[in-house]
Amino acid sequence: MRIVIALGGNAILRRGQPMTAENQRDNIRVAAAAIAAVAPGNQLVIAHGNGPQVGLLALQAAAYHDVAPYPLDVLGAQTEAMIGYVIEQELGNLLPAGQSLATLLTMIEVDRHDAAFAHPTKPIGPVYDRDASDRLRAESGWAFAPDGDGFRRVVASPKPRRIFEIEPIRTLVESGTVVICAGGGGIPTAYDEAGRLCGVEAVIDKDLASALLAEQLQADLLVIATDVDGVYSGWGTPEQERLSHITVEELGAMHFAAGSMGPKVEAACGFAGNTGNTAVIGALRDIDRIVAGEAGTAVAKATG
């Protein structure tokens, strides 16, 4: 079975943890163990989030005044390589000797005129208190949105349209290589007025990019691994209930927050609706049970 696994940011850095290299490696080691359990007999493609990491690099760049800050597409490429390196290493320590792994920097085309550029919603970086967020807003012109008891920087998140490296990814997968790609939603790029391919100041949602990746690879299963055990109706209320199996049509009629479960639901519905295959949203720790059909929220296209 060909499986695309989209690792949420919590797989790399848990909420409230300092963004140290040691913490991130420890968390990736846990994720690698969950992935290694489903590797036998399957073709694996792994994508991952990078919100905290790209936000930290942006914050560090803003603090250095001798040169202009690096743009988000460059920071995205840096974090894609950095996180892919650690995933590849920790997963390689668990898989049988001789199993090939590869990390690919992945450019993904977006529309320069996407409405998302006027309405930034993608959270990146750490959580700030009100005073710190107000100061950074004044100093850097960054946009912020509430996140729990604090605030996080938000940036434009245009929809992914095309994966430039899809053929090399396909070739590697078909050869038996475990591929790590489309990290952080891929590197956002677009063609300018002169027809040149350029980077774009944005961060693509990794779940939407993973759904496009899974669709173009003709994956049998898309696993969206996060820190909750599935999608809930009535979340946060006494009536909340985990949905175990639901159709694209039923799930699409429900409302979910744009900054949290919304993109995961949109990605799952898009993949299942376009391919007729199943997408599952569930907890990282349950990946083996998700693949076995025993955990998470399974989203499928209605039949009949």
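This is a short dialogue on reading salt bridges, nonpolar cores and a domain interface in a predicted model.

Me: Let's start with charged side chains. How many salt bridges are there in this model?

Reply: The count comes to 14 salt bridges. A good habit is to take one pair at a time and ask where each partner sits. Try Arg25 and Glu90, whose side chains meet in a salt bridge at 2.6 Å, N to O. This pair links distant parts of the chain, with Arg25 in helix H1 (residues 21-36) and Glu90 in helix H3 (residues 72-92), 65 residues apart.

Me: Is Glu90 buried or exposed?

Reply: Glu90 is buried, because its relative accessible area is 6% and the cut-off for buried is under 20%. Its partner Arg25 has 21%, so Arg25 counts as partly exposed.

Me: Which salt bridges lie within one helix, and how do I read them?

Reply: Look at the spacing along the helix. Arg135 and Glu139 form a salt bridge at 3.4 Å, N to O. They are four residues apart in helix H4 (residues 130-140), so about one helical turn separates them. Arg135 is partly exposed at 44% relative accessible area, whereas Glu139 is exposed at 54%.

Another case is Glu167 with Arg170, where the closest N and O atoms are 3.4 Å apart. These two are three residues apart in helix H5 (residues 166-174), which again means a separation of about one helical turn. Here Glu167 is partly exposed, with 45% relative accessibility, while Arg170 is buried at 17%.

Me: Which residues are joined into a network by salt bridges that share partners?

Reply: Arg25, Asp26, Arg29 and Glu90 are joined into one network in this way. So the pair we began with, Arg25 and Glu90, belongs to that network, because shared partners link the salt bridges.

Me: Now the nonpolar side. Which residues have the most contacts inside the largest nonpolar core?

Reply: They are Ile169, Leu213 and Leu251, in a core of 45 residues. To see how such a core is built, ask which elements feed it. Those that each supply at least two residues include strand E2 (43-48), H5, helix H6 (206-216) and helix H8 (261-275). H8 gives the most to this core, with seven residues.

Me: What is Ile169 in contact with, leaving aside its neighbours within four places in sequence?

Reply: Ile169 is in contact with Leu104, Thr106, Ile163, Val179, Cys181, Leu213 and Leu217. Apart from the largest core lies another core, of 33 residues, among them Ile3, Val38, Val178 and Ile180.

Me: Last topic: the domains. Where do they run, and how is the size of an interface often given?

Reply: The domain assignment gives domain 1 (2-111 + 158-300) and domain 2 (121-155). The size of an interface is often given as the accessible area lost when the parts come together. In this model, domain 1 and domain 2 bury about 1000 Å² between them, 68% of it on carbon and sulfur atoms. Their C-alpha centres lie 23 Å apart, and 15 residues of domain 1 are in contact with 14 residues of domain 2.

Me: How many salt bridges does the rule find across the interface of domain 1 and domain 2?

Reply: The rule finds one salt bridge across this interface. Helix H2 (residues 51-63) gives the most to the side of domain 1 that touches domain 2, with eight residues.

Notes
Residues are numbered from 1 along each chain as its sequence is written. This is a predicted model: local features need pLDDT of at least 70, side-chain atom pairs count only at pLDDT 80 or more; totals for chains, interfaces and linings use all residues. Side-chain values use heavy atoms; hydrogens and water are left out. A salt bridge is a side-chain nitrogen of Lys or Arg within 4 Å of a carboxyl oxygen of Asp or Glu. Buried means under 20% relative accessible area, exposed over 50%, partly exposed in between (1.4 Å probe, protein chains only). A nonpolar core is a set of buried Ala, Val, Leu, Ile, Met, Phe, Trp, Tyr and Cys residues joined through side-chain atoms within 4.5 Å. Contact means heavy atoms within 4.5 Å. Domain bounds come from an automatic or database domain assignment. Buried area is the accessible area (1.4 Å probe) that two parts lose on being put together, summed over both.
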